[in-house]
Amino acid sequence: MASILPASNRSMRPDKNTYERKRSVYVKNPYLEGMDEDILYHLDLGTKTHNLPAMFGDVKFVCVGGSPNRMKAFAQFMHKELRLEGDGEDIEDICAGTDRYCMFKTGPVLSVSHGMGIPSISIMLHELIKLLHHAHCCDVTIIRIGTSGGIGIAPGSVVITDTAVDSFFKPRFEQVILDNVVTRSTELDKELANDLFNCSREIPNVPTLIGHTMCTYDFYEGQGRLDGALCSFSREKKLDYLKRAYRAGVRNIEMESTVFAAMCGLCGLRGAQRPEIRVSEERQKVERLWKNDGMILVSSTGGRPG
Ligand SMILES: O=P(O)(O)O[C@H]1O[C@H](CO)[C@@H](O)[C@H]1O
Ligand SMILES: O=c1cc[nH]c(=O)[nH]1
């Protein structure tokens with residue numbers, strides 16, 4: 001099991017009175033309270049083996065992305081920007097005991113990898129949300145930082161997602177629960193999207209826009225690529241589909257946004273719930289940082305060679 005974080009990180013927990021109105025992280029599972037121990041299997045953490053409030057009670061921002069190396073680099077970047085002790089090069093992977101996901105903590109910012117696709121991020125989110133709940137975190141903003149394929153926009157643009165849509169351009173996530181299909185909303189917080197967009201205006205040479213993000217179950221056929229091992233549609237059909245997506249407001253495609261939006265929304269992790277009237281010093285620092293340096297993207301887009 002990963003050891004708990006050094007005392008220097010624990011001391012950054014905000015004062016109880018820092019926030020005048022708190023928004024908790026909710027779990028919606030009546031069985032959890034009655035459990036003697038909650039093991040977060042894929043994070044290699046647990047309520048009996050780790051002091052989760054001490055380790056994570058001060059978390060205010062969670063940034064997630066597919067690749068472990070990217071999330072480590074992001075954590076090192078945050079370490080420098082927050083001017084924490086040391087150079088951050090030896091930053092500890094809190095989930096080192098498992099190779100499923102990695103997790104780094106820099107002050108109030110948690111950086112977590114989630115792998116590729118809905119099933120992978122959904123397992124991570126179940127355990128992350130329980131972690132934040134057990135740690136008594138509140139007022140948590142979560143942002144997925146990812147790559148995506150742009151539609152009708154310049155390669156390299158940053159798309160801030162307002163709504164995640166499925167392959168039929170509908171703002172929904174269909175979760176199969178036992179043998180039922182349960183439909184969940186995929187709206188993301190518009191206020192946060194606007195805040196992020198306003199921050200982006202201060203960053204030169206990075207075209208940024210707000211738009212819908214389409215989430216698919218597959219990188220190849222699901223995204224209309226012609227270069228997968230299987231392809232059963234014509235170039236014309238592909239272009240027709242992408243044009244219809246564009247007309248429906250879709251500006252980029254990736255593979256996690258619908259379940260991300262659905263789960264975070266249900267569990268009180270909508271970042272843009274901006275309840276704070278007085279904010280902690282760390283949070284002001286982080287907000288300043290984002291305003292200055294723009295580490296705020298939801299998806300940066302690449303070309304779509306296929
Ligand atoms: O850039 P990340 O976060 O890895 O996410 C995108 O990249 C992967 C596909 O290459 C998918 O998981 C997609 O959502
Ligand atoms: O899902 C993805 C991620 C990156 N680029 C794409 O074209 N699609």
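In which strand is the place of Arg251? I began my notebook with this residue and found Arg251 in strand β12, which covers residues 250-254. I keep in mind throughout that I am reading a predicted model.

**Confidence of the model**

I looked up the scores before going further, and noted an ipTM of 0.99 alongside a pTM of 0.85. The chain has a mean pLDDT of 84, with 81% of its residues at 70 or more. Over residues 1-20 the pLDDT stays under 50, although the model gives this stretch 51 contacts beyond four places in sequence. I noted a further stretch, residues 271-298, with pLDDT below 50 and with 76 contacts in the model beyond near neighbours in sequence. Where pLDDT is low, the predicted coordinates should not be read in detail, so I left the contacts of these stretches without further interpretation.

**The chain as a whole**

I counted eight helices and 13 strands in the secondary structure of the chain. Of its 306 residues, 53% count as buried. Among the contacts with a separation of 6 or more, 78% join residues that are 24 or more positions apart.

**Arg251**

I returned to Arg251 and asked which side chain of opposite charge is nearest to it. That side chain belongs to Asp162, 9.3 Å away, and Arg251 is therefore entered here as buried yet without a salt bridge, the limit for which is 4 Å. I then found that the side chain of Arg251 reaches the backbone oxygen of Tyr246 at 2.9 Å. Tyr246 is also one of the residues that Arg251 touches when those up to four places away in sequence are not counted, and the others are Gly149, Gly150, Ile151, Ile153, Val159, Leu209, Gly211 and His212.

**Arg247**

Is Arg247 buried or exposed? I entered Arg247 as exposed, because its relative accessibility is 63%. Arg247 lies in helix α6, which covers residues 235-247. I also checked Arg247 against Phe169, and these two are 78 residues apart in sequence and 9.9 Å apart in space, C-alpha to C-alpha.

**Ligand 1**

I listed the surroundings of ligand 1 next and found 13 residues, of which the closest are Arg70, Arg144, Thr147, Met255 and Glu256. An oxygen atom of ligand 1 is 2.6 Å from an N or O atom in the side chain of Arg144, and I read 2.6 Å again for an oxygen atom of the ligand and an N or O atom in the side chain of Thr147. On the backbone side, a polar atom of Gly66 is 2.9 Å from an oxygen atom of ligand 1.

**Ligand 2**

Which residues are around ligand 2? I noted Thr147, Ser148, Gly149, Phe219, Gln223, Arg225, Ile253, Glu254 and Met255. A polar side-chain atom of Arg225 lies 2.6 Å from an oxygen atom of this ligand. A nitrogen atom of ligand 2 is 2.8 Å from an N or O atom in the side chain of Gln223, and a nitrogen atom of the ligand is 3.3 Å from a polar backbone atom of Gly149.

**Helix α7**

My last entry concerns helix α7, residues 257-266, which I recorded as mostly covered, with eight of its ten residues buried. The buried residues in α7 are Ser257, Thr258, Val259, Phe260, Ala261, Ala262, Met263 and Cys264. After α7 comes Gly268, and I noted that its phi is positive, near 80°.

Definitions and conventions
Residues numbered from 1 in each chain as written. Chains lettered and ligands numbered in written order. Heavy atoms only, no water. Helix = DSSP H or I, 4+ residues; strand = E, 2+ residues; numbered from the N terminus. Buried < 20%, exposed > 50% of the residue type's maximum accessible area, 1.4 Å probe, protein only. pLDDT = per-residue confidence, 0-100. Contact = heavy atoms within 4.5 Å. Lys, Arg positive; Asp, Glu negative; His and termini not counted. Polar contact = N/O pair within 3.5 Å; in protein donor to acceptor, adjacent residues only side chain to side chain. Near = heavy atom within 4 Å.
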